[in-house]
Amino acid sequence: MRNRPSLPALIALAILVGSYCWVATSAASPAVEDELRSGAGGRTMRRRAASVMVPITILKSAVSDGAVCMDGTPPAYNLDPGSGAGSKSWIVNLEGGAWCNSAKTCQLTKSSGRGSSDHMDKEIPFTGIMSSSSAVNPDFYNWNRVKIRYCDGGSFAGEAYDKDTGIYFRGQRIWNAVIRHLLSIGMASADQVLLTGCSSGGLAVILHCDQLRAFFPSGTAVVKCISDGGLYLDAVDVSGGRSLRSYFGDIVAMQGIAQNLPPACTARLDATSCFFPQNIIDGITTPLFLLNAAYDFIQIVLSLAPDRADPSGAWRACKSNRTACSASQMSFLQDFRDQMVASVKGFSSSRGNGLFISSCFAHCQSEQLGTWNTKPGGSPTIQNKGIAKSVGDWYFDRAEVKAIDCRYPCDNTCHHII
């Protein structure tokens, strides 16, 4: 049997394909050239593919608190300091990269950059909402921008140790240790803070949004959160089962996540249900923006039509190319889109919350140059407003943003990745 790509590989592919789809159809603009040339404050940094390369910092002091990656190595982050008017404003980005749910998958993750700081890239690109270009990222380009690296396999929420495999699941300790460190080096005096993340990092944002605001008890800082591609639904798959619920259940149990889930949810639902954002978002009191593709590529592959739910391969072509979907398959995907829209109905009633639900076959749109902004780039738009403008209007209270796109295929501004 031919080997199938792993979930982390699929997510990486989704992001890369999304970027290359834009590059293939767009000429370089002056703003892209600006992003290639300089970092915040005119600092010179290494360049790679329209992005500024930011060096890693290994937080060795966190080990004494048991805040370690899956293999016991210290956690890490990448920081591009702010400048000028943005010097007291912070973006904290929680890196994504799937999860692990068994001894086998966690052993594989442990020996990669998603489980060990020894194997992480020593420099990573900051693009999209993390960009230092004023043209690409006009609202946040000069903020302190930091990415907390993902090496726990459980959306920064685990608290366990597996003696049989020697694997640490210390995501919650990593979160606490790195946030406290950032506070100690300047974030404590911030006047504006934005927590962001994509995919499993987007789910982590939802789990930790209120926790971040609790680190600023005086109320002097404006704290808000953006979850990109993190609205994972507890949906029925093509076989009538619930593949993602089974997968999430394994993660929650193996990594001891239940104790770190929102108490307001666990008081009324089981722990697995409280790992699903649809059961958490209505109880979050910190302003939250949900950015998601209604036809989320990763949810199609992982939740709706995984191979084990489609042993005959009837969905194989559809998962690779949306135009190959049959009428019944497209109807199934339209129902999923409608479930997503229904799941945010209560959430959207809060004026402080924001929404941008596009009708794209995509995943993770805030950190890519090709989908973050309209010019340069190719952000999908809803009512003629792209993602960067929508997020900025929401964060700075310039406008209320509750944007939900019409059903596919009505939107011709999408950059579909299948």
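How far apart are the sulfur atoms of Cys-318 and Cys-325? In this predicted model, the two sulfurs sit 1.9 Å from each other, and the pair forms a disulfide. The link between Cys-318 and Cys-325 is right-handed, with 85 degrees about the S-S bond. Both ends are tucked away: Cys-318 is buried, and Cys-325 is buried too.

That pair has company, since the disulfide count comes to 8. One of the others joins Cys-198 to Cys-364, with a sulfur-sulfur distance of 1.6 Å. Here the S-S torsion is 90 degrees, and the link of Cys-198 and Cys-364 is again a right-handed one. Cys-198 belongs to strand β8 (residues 192-198), while Cys-364 sits in the loop between β11 (354-358) and α11 (369-372), so this disulfide ties together parts that are 166 residues apart in sequence. As for solvent, Cys-198 and Cys-364 are both buried.

Cys-406 and Cys-410 make a further disulfide, their sulfur atoms 1.8 Å apart. The torsion about this S-S bond is about 100 degrees, so the link of Cys-406 and Cys-410 is right-handed. Its two cysteines count as partly exposed: Cys-406 has 38% relative accessibility, and Cys-410 has 40%.

Now for the overall fold. The protein has 12 helices and 12 strands. Of its 418 residues, 58% are buried. Counting contacts between residues at least 6 apart in sequence, 76% join residues at least 24 apart. The accessible surface comes to about 16000 Å², and carbon and sulfur atoms account for 52% of that area.

A sheet of 10 strands runs through the model in the order β4-β1-β2-β5-β3-β8-β9-β10-β11-β12; it is open, and its pairing is mixed. At the edges are β4 (123-126) and β12 (402-404), each of which pairs on one side only. From one strand to the next, the twist averages 20 degrees. Strand β8, home of Cys-198, comes between β3 and β9 in the strand order. Over at the β12 end, β11 and β12 run parallel and are joined by 3 bridges. Phe-356 has Ala-403 in β12 as its bridge partner.

Helices lie against this sheet. Helix α12 (residues 387-395) packs on it and touches β8, β9 (222-228), β10 (288-293) and β11, with its direction at about 150 degrees to that of β9. Helix α4 (residues 171-184), for its part, lies across β2 (76-80), β3 (89-94), β5 (144-148) and β8, and runs at about 160 degrees to β3. Strand β8 is thus on the list for α4 and on the list for α12.

Finally, the nonpolar packing. In soluble globular proteins, nonpolar side chains tend to be buried together. In this model, the largest nonpolar core takes in 84 residues, and those with the most contacts inside it are Trp-99, Phe-248, Phe-275 and Leu-333. Another core lies apart from it, made up of 25 residues, including Met-130, Leu-369, Ile-382 and Ile-387.

Definitions and conventions:
Residues numbered from 1 in each chain as written. Predicted model: local features only at pLDDT ≥ 70, side-chain atom pairs only at ≥ 80, totals over all residues. Heavy atoms only, no water. Core = buried A, V, L, I, M, F, W, Y, C linked by side-chain atoms within 4.5 Å. Buried < 20%, exposed > 50% of the residue type's maximum accessible area, 1.4 Å probe, protein only. Disulfide = S-S within 2.5 Å. Helix = DSSP H or I, 4+ residues; strand = E, 2+ residues; numbered from the N terminus. Contact = heavy atoms within 4.5 Å. Areas by Shrake-Rupley, 256 points an atom, 1.4 Å probe, with all protein chains shown as cover. Pairing = 2+ DSSP bridges. Axes fitted to C-alpha atoms, helices over the stretch in contact; angles between N-to-C directions.
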